[in-house]
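Got your viewer open? Let's take a short walk through this one, one selection at a time.

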Amino acid sequence: MPVMRMDHIWEEVESFKEATSCMLKEAKTHGIVIIAIEFLTFKVLAVLDEIGSVGEELGPGDVLVLEPRQLAARMAAKRVGKEAGYRVRFDVFGAENTRLWYQTEGILVRQMASNPTLKGVGTVVLDEFHERHLDTDLALALLRRLQKTKRPDLRIVVMSATLDA
């Protein structure tokens with residue numbers, strides 16, 4: 001499955017909602033999308049805020065947004081509002097019908113131990129991928145293997161401040 005790089009997306013769209021919609025459509029087509037977001041431009045916050053409002057592009061299943069730190073996951077979920085929840089070590093907040101989950105990469109790795117095919121998950125967004133560590137690399141490797149073997153419908157979006165990540 002090809003990887004789509006969307007570094008140019010910011011010059012081609014009118015709004016963050018349109019950028020998010022375009023990103024999710026490309027992820028559906030290509031399976032994995034890599035997006036460079038300039039460091040400290042706050043575009044990532046705008047995109048993550050819009051993920052919950054582009055329902056038709058999300059398709060079936062939950063959307064998991066992986067954050068490198070617990071605080072980032074909690075704050076992003078609270079920023080988005082009641083349609084988002086978070087999962088971090090020793091703490092889960094969300095309703096039964098929550099489809100948008102912010103969580104750490106470590107939680108995803110543990111989640112895949114009990115649910116190896118990520119049944120019920122449609123899209124995984126790896127945020128701040130430039131902050132590389134073991135859980136980040138392991139999460140991407142597990143997701144790509146799952147996508148290539150049992151879940152070709154799984155959409156993966158990688159967002160990074162640098163293209164060298």
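Here is a tour of the whole chain, and then of one pair of helices.

**Stop 1: the whole chain.** Keep in mind that you're looking at a predicted model. Show it as a cartoon: there are seven helices and eight strands. The chain has 165 residues, and 51% of them count as buried. Take the contacts between residues at least 6 apart in sequence: 71% of those join residues at least 24 apart.

**Stop 2: helix 7.** Select residues 134-149, which make up helix 7. Try a distance between its end C-alpha atoms: they sit 22 Å apart, which agrees with the 22 Å that 16 residues should span at 1.5 Å a residue. Now colour the buried residues of this helix: Thr-136, Ala-139, Leu-140, Leu-142, Leu-143, Arg-144, Leu-146 and Gln-147. A handy thing to know while you look: an α-helix has 3.6 residues a turn, so residues three or four places apart point the same way.

**Stop 3: add helix 6.** Select residues 105-114 as well, to bring in helix 6. At what angle do the axes of helix 6 and helix 7 cross? Roughly 40°, and the axes come within 8 Å. Because of that angle, helix 6 counts as oblique to helix 7. The crossing is left-handed, too.

**Stop 4: where they touch.** Show side chains for the contact:

- From helix 6: Glu-105, Gly-106, Leu-108, Val-109 and Met-112.
- From helix 7: Asp-135, Thr-136, Leu-138, Ala-139, Leu-142, Leu-143 and Leu-146.

Colour these contact residues by type and you'll get eight nonpolar, two polar and two charged.

Technical notes
Residues are numbered from 1 along each chain as its sequence is written. This is a predicted model: local features need pLDDT of at least 70, side-chain atom pairs count only at pLDDT 80 or more; totals for chains, interfaces and linings use all residues. Side-chain values use heavy atoms; hydrogens and water are left out. Axes are lines fitted to C-alpha atoms, for helices over the stretch in contact, and angles run from 0 to 180 degrees between N-to-C directions. Helices (H or I, at least four residues) and strands (E, at least two) are DSSP runs, numbered from the N terminus. Angles under 35 degrees count as roughly parallel, over 145 as roughly antiparallel, 65 to 115 as roughly perpendicular and the rest as oblique. A crossing is left-handed if the near helix is turned anticlockwise from the far one by less than a right angle, and right-handed if clockwise. Contact means heavy atoms within 4.5 Å. Ala, Val, Leu, Ile, Met, Phe, Trp, Tyr, Cys and Pro count as nonpolar, Asp, Glu, Lys and Arg as charged, and the others, Gly among them, as polar. The expected span of a helix is 1.5 Å times one less than its number of residues. Buried means under 20% relative accessible area, exposed over 50%, partly exposed in between (1.4 Å probe, protein chains only).
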